[in-house]
Amino acid sequence: MTQESAAHPPGPSDPLPDLTAEQLDTLHRIGRRWSSVTRPPREWRDALPVDPNVGDYPARPP
């Protein structure tokens, strides 16, 4: 890391450093527990303040 990059946060197009094995393991453990404390996906998608049909969401059944 250069002094210039250390002085400024990364920009939207800047590559981020790879995660360590420990960081990946932590994210996996959080992900496994997340489903036990969240509602079904349909409920949280409906609560989002965005149109879920824009982007990569699959089309919803009628």
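Accessible areas are those obtained by the Shrake-Rupley method with a 1.4 Å probe. On that basis, the accessible surface of the protein chain amounts to about 6,200 Å², and carbon and sulfur atoms account for 59% of this area. The model under discussion is a predicted one, and its confidence therefore deserves attention before its details, since pLDDT expresses the predictor's confidence in each residue on a scale from 0 to 100. The protein chain has an average pLDDT of 76, with 68% of the residues scoring at least 70. Confidence in the protein chain is lowest in helix α1 (residues 3–7), where the mean is 60, and highest in α2, where the mean is 88.

The secondary structure consists of 3 helices and 0 strands, so that the pattern along the sequence reads α-α-α. Burial is limited to 2% of the 62 residues in the protein chain, where a residue counts as buried under 20% relative accessible area.

Helix α2 covers residues 21–37. Because a rise of 1.5 Å a residue is expected, its 17 residues should span 24 Å, and the distance of 25 Å between its end C-alpha atoms agrees with that value. The number of buried residues among the 17 of α2 is 0, so the helix lies largely in the open.

What links the side chains of Arg29 and Asp25? They meet in a salt bridge, with a distance of 3.1 Å from N to O. The count of salt bridges under the rule applied comes to 1. The two residues are 4 apart in helix α2, and therefore about one helical turn separates Arg29 from Asp25. The general geometry explains the arrangement: an α-helix has 3.6 residues a turn, so residues three or four places apart point the same way. Both partners retain some accessibility: Arg29 is partly exposed, at a relative accessible area of 42%, and Asp25 is partly exposed as well, at 39%.

The surface also carries a nonpolar patch, formed by Leu19, Leu24, Leu27, Ile30, Trp34 and Val37. Together these residues present about 620 Å² of accessible area. Leu27, one of the members of the patch, is located in helix α2. Helix α2 thus holds both a patch residue, Leu27, and the salt-bridged pair Arg29 and Asp25.

Notes
Residues numbered from 1 in each chain as written. Predicted model: local features only at pLDDT ≥ 70, side-chain atom pairs only at ≥ 80, totals over all residues. Heavy atoms only, no water. Buried < 20%, exposed > 50% of the residue type's maximum accessible area, 1.4 Å probe, protein only. Expected span 1.5 Å × (residues − 1). Patch = residues over 30% accessible without salt bridge, like charges linked within 9 Å, V, L, I, M, F, W, Y side chains within 5 Å. Salt bridge = Lys/Arg side-chain N within 4 Å of Asp/Glu carboxyl O.
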